Amino acid sequence: VNAPGTLPATPHPSTATVTWASDNTDEATVASGVVTGKAVGTVTITATATSGEATGTDICLVHVVSAGA
């Protein structure tokens, strides 16, 4: 909780725009791939790359634990 971690994104083409989302911002937020835990739980982080009309999506499950766990 309250410790950020980074999820890398390498879109193809490299000029693609990547947007990030958390399915539960009470447990974790994400901005530019940096995930910050807010409360203990499991969240799904989604990265969506868009280039023109092409779109690709990837997900990552993040387990937020309390400090020292």
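In this predicted model, three strands come together as an open sheet, with the order β1-β4-β3 and antiparallel pairing. The strands at the edges are β1, spanning residues 4–6, and β3, spanning 28–31; each has a single partner strand, so one side of each is left without a neighbour in the sheet. From one strand to the next, the twist averages 25°. As a general reminder, strands of a sheet pair through backbone hydrogen bonds, and the pairing may be parallel or antiparallel.

The pairing of β3 with β4 can be followed down to individual residues. Strand β4 covers residues 34–37, and its antiparallel pairing with β3 runs over 4 bridges. Within this pairing, V30 has V35 of β4 as its bridge partner. Between β3 and β4 lies a loop that contains S32. The backbone deserves a look here, as S32 has a positive phi of about 55° although it is not a glycine. S32 has a relative accessibility of 68%, and it counts as exposed because the cut-off for that class is over 50%.

A positive phi also turns up towards the start of the chain, in the segment before β1, where N2 is found. For N2, which is likewise a residue other than glycine, phi is near 65°. The relative accessibility of N2 is 56%, and N2 therefore counts as exposed. Another backbone feature worth finding on screen is the cis peptide bond that joins H12 and P13, with omega at about 5°. P13 sits in the loop that runs between β1 and β2, the latter being residues 17–22.

Both bridge partners described above, V30 and V35, reappear in the largest nonpolar core. This core has 7 residues, and the other members are A28, V43, I45, V62 and V64. Two or more of the core residues come from each of β3, β5 (41–51) and β6 (54–64). In general terms, nonpolar side chains tend to be buried together in soluble globular proteins.

Which residues surround V43, once its neighbours within four places in sequence are left aside? The contacts of V43 include A28 and V62, both of which are also members of the core. V43 is further in contact with S22, D23, N24 and E27, as well as with C60 and L61. Of these contacts, S22 falls within the 17–22 range of β2, while C60, L61 and V62 fall within the 54–64 range of β6.

Key: Residues are numbered from 1 along each chain as its sequence is written. This is a predicted model: local features need pLDDT of at least 70, side-chain atom pairs count only at pLDDT 80 or more; totals for chains, interfaces and linings use all residues. Side-chain values use heavy atoms; hydrogens and water are left out. Two strands pair if DSSP finds at least two bridges between them. Axes are lines fitted to C-alpha atoms, for helices over the stretch in contact, and angles run from 0 to 180 degrees between N-to-C directions. Buried means under 20% relative accessible area, exposed over 50%, partly exposed in between (1.4 Å probe, protein chains only). A nonpolar core is a set of buried Ala, Val, Leu, Ile, Met, Phe, Trp, Tyr and Cys residues joined through side-chain atoms within 4.5 Å. Contact means heavy atoms within 4.5 Å.
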